[in-house]
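Colleague: Could you walk me through this model over coffee? I would like to see how each answer is reached.

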Amino acid sequence: GMALLLNFIGCLSVLFGGFLTLTVDTSSYTTFCILAIGGGVYIYVAVGECLPRAQQVQKNATDKVISLVSFVMGVIPIGLVLLNHGHCDAH
């Protein structure tokens, strides 16, 4: 019950941050910093939580290749989105 409550409070902080971002006029630099911090959180979770678990279940070279291909298939769409992003353009 306590974990569920704390998770709910954490989710509310995301809603508060989104509301704050939409209501306050921010500069490109501020947007960049917010995106960098958010990206760092995802990298931390991937390296700290997901990678060790993925390595535990890899039994042979085929599993490692499948894991690498899955990673690349996740990275390519993110890279394609970043090719034509518009928030850093000069106004």
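What follows is a set of questions and answers on this predicted model.

Colleague: Let's start with the fold. Which pattern does the chain follow when read along the sequence?

Modeller: This is a predicted model, so please read every value as computed from it. The chain holds 3 helices and 0 strands. Read along the sequence, the pattern is α-α-α.

Colleague: Thanks! What radius of gyration does the chain have, set against a compact globule of 91 residues?

Modeller: The C-alpha atoms fill a box of roughly 50 × 45 × 15 Å along the principal axes. For a compact globule of 91 residues, the radius of gyration would be near 12 Å, whereas the chain has 18 Å.

Colleague: And how much of the chain is buried?

Modeller: A residue counts as buried when its relative accessible area is under 20%. The accessible surface of the chain is about 8100 Å², with 74% of it belonging to carbon and sulfur atoms. Of the 91 residues, the buried share is 0%.

Colleague: With that in mind, how many Å² does the nonpolar surface patch cover?

Modeller: Happy to take that one. The patch is made by Met-2, Leu-5, Leu-6, Phe-8, Ile-9, Leu-12 and Leu-15. Its area is about 740 Å².

Colleague: Take Leu-15 from that patch: does Leu-15 count as buried or exposed?

Modeller: Leu-15 has its place in helix α1, which spans residues 2-23. Its relative accessibility is 61%, and the cut-off for exposed is over 50%. Leu-15 therefore counts as exposed.

Colleague: Now the largest pocket. Which element gives the most to its lining?

Modeller: The largest pocket has a volume of about 420 Å³. It is lined by 13 residues, and those nearest its centre are Ala-46, Val-47, Cys-50, Leu-51 and Phe-71. Two elements, α2 (28-57) and α3 (61-83), give two or more residues to the lining. The most, 8 residues, come from α2.

Colleague: Good, on to electrostatics. Which residue forms a salt bridge with Arg-53?

Modeller: Side chains of opposite charge can pair when their charged atoms come close. A search of the whole structure finds 1 salt bridge. For Arg-53, the closest N and O atoms are 3.7 Å apart, inside the 4 Å limit for a salt bridge. The partner is Glu-49.

Colleague: By about how many helical turns are Arg-53 and Glu-49 separated?

Modeller: Arg-53 is exposed, with a relative accessible area of 56%, while Glu-49 is partly exposed at 41% relative accessibility. Because the two are 4 residues apart in helix α2, their separation is about one helical turn.

Colleague: I'd like some distances too. What separates the C-alpha atoms of Tyr-42 and Ser-27?

Modeller: Tyr-42 sits in helix α2 and counts as exposed at 67% relative accessibility. Ser-27 is in the loop between α1 and α2, and it is partly exposed, with a relative accessible area of 39%. The two residues are 15 apart along the chain, and their C-alpha atoms are separated by 23 Å.

Colleague: How far apart in space are Ser-27 and Val-69, C-alpha to C-alpha?

Modeller: Val-69 lies in helix α3 and is partly exposed, at 43% relative accessibility. In sequence, Ser-27 and Val-69 are 42 residues apart. From C-alpha to C-alpha, the spacing is 37 Å.

Colleague: One last pair, if you don't mind: what separates the C-alpha atoms of Val-69 and Thr-31?

Modeller: Not at all! Val-69 and Thr-31 are 38 residues apart along the chain. Their C-alpha atoms are separated by 32 Å.

Definitions and conventions: Residues numbered from 1 in each chain as written. Predicted model: local features only at pLDDT ≥ 70, side-chain atom pairs only at ≥ 80, totals over all residues. Heavy atoms only, no water. Rg over C-alpha atoms; globule rule 2.2 N^0.38 Å. Buried < 20%, exposed > 50% of the residue type's maximum accessible area, 1.4 Å probe, protein only. Areas by Shrake-Rupley, 256 points an atom, 1.4 Å probe, with all protein chains shown as cover. Patch = residues over 30% accessible without salt bridge, like charges linked within 9 Å, V, L, I, M, F, W, Y side chains within 5 Å. Salt bridge = Lys/Arg side-chain N within 4 Å of Asp/Glu carboxyl O. 1 Å grid on protein atoms, 1.4 Å probe; cavity = no way out; pocket = protein on both sides within 12 Å on 5 of 7 lines; lining within 4 Å. Points joined across faces, edges and corners; volume = space filled by probe spheres on them.
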